[in-house]
Amino acid sequence: QVQVVESGGDSVQSGGSLRLSCAVSGVYSSIGAMGWYRQALGKQRELVATAWIGGSTKYADSVKGRFTISRDSAKNTLSLQMNSLKPEDTAVYYCKADVLLWTGGRQDYWGQGTQVTVFS
């Protein structure tokens with residue numbers, strides 16, 4: 001059983017900052033890539049940023065220079081520092097973990113999402 005839990009969503013004025021956190025717990029062998037996704041009302045879920053074990057990261061063009069993803073592989077946590085927020089960043093933000101199970105299989109686990117609202 002693997003659980004992914006996000007926190008940190010809030011309402012913030014345009015130009016403000018928020019920090020999202022994600023924690024993975026349960027019984028598993030290891031975690032591969034971890035990422036943040038978001039889904040705005042009426043839109044498809046989109047990738048925001050990904051962090052790999054080796055430290056590599058990748059960002060959506062829309063958040064480059066404003067968002068920073070960081071990962072603590074020892075604690076199995078993931079963070080997303082969001083600066084210079086814009087109204088178009090309003091969405092439910094989800095954390096995803098690529099988990100290697102003790103059975104040898106791999107499975108993606110998602111959190112329940114945390115709401116970020118940016119008002120002008």
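Strand β9, residues 91–100, is mostly covered, with eight of its 10 residues buried. Keep in mind as you look at it that this is a predicted model. β9 makes a good starting point for a tour, since the tour can follow its strand partners and then the nonpolar core, to which β9 gives the most residues.

**Partners of β9**

- Strand β4, which covers residues 30–39, pairs with β9 in the antiparallel sense, and eight bridges link the two.
- To find this pairing on screen, look for S30, which stands opposite L100 of β9.
- Strand β10, residues 106–110, is also an antiparallel partner of β9, here over five bridges.
- L100 serves as a landmark here too, as it stands opposite R106 in β10.
- β9 and β10 form a hairpin that has five residues between the strands, and G104 takes a positive phi near 100 degrees there.
- Strand β11, residues 114–119, runs antiparallel to β9 and is joined to β9 by three bridges.
- For this pairing, the place to look is V92, which stands opposite Q115 of β11.

**The largest nonpolar core**

- This core holds 31 residues, and those touching the most other members are W36, L80, M82 and Y93.
- At least two core residues come from each of β1 (2–7), β3 (18–26), β4, β5 (46–51), β7 (67–72), β8 (77–82), β9 and β11.
- β9 is the top contributor, giving five residues to the core.

**A closer look at Y93**

- Y93 touches three other residues named above for their many core contacts: W36, L80 and M82 are among its neighbours.
- Its contacts beyond four places in sequence also include E6, L20, Y37, R38, V48 and F67.
- G113, T114 and V116 are touched by Y93 as well.

**Around β8**

- β3 and β8 are antiparallel partners, with six bridges between them.
- Within this pair, C22 has L78 of β8 as its bridge partner.
- β7 also runs antiparallel to β8, and six bridges join these two strands.
- T68 is matched with Q81, its bridge partner in β8.
- The β7 and β8 hairpin has four residues between its strands, and N76 in the turn shows a positive phi of about 55 degrees.

**A general point for viewing**

- Side chains in a regular strand alternate between the two faces of the sheet.

Notes:
Residues are numbered from 1 along each chain as its sequence is written. This is a predicted model: local features need pLDDT of at least 70, side-chain atom pairs count only at pLDDT 80 or more; totals for chains, interfaces and linings use all residues. Side-chain values use heavy atoms; hydrogens and water are left out. Buried means under 20% relative accessible area, exposed over 50%, partly exposed in between (1.4 Å probe, protein chains only). Two strands pair if DSSP finds at least two bridges between them. A nonpolar core is a set of buried Ala, Val, Leu, Ile, Met, Phe, Trp, Tyr and Cys residues joined through side-chain atoms within 4.5 Å. Contact means heavy atoms within 4.5 Å.
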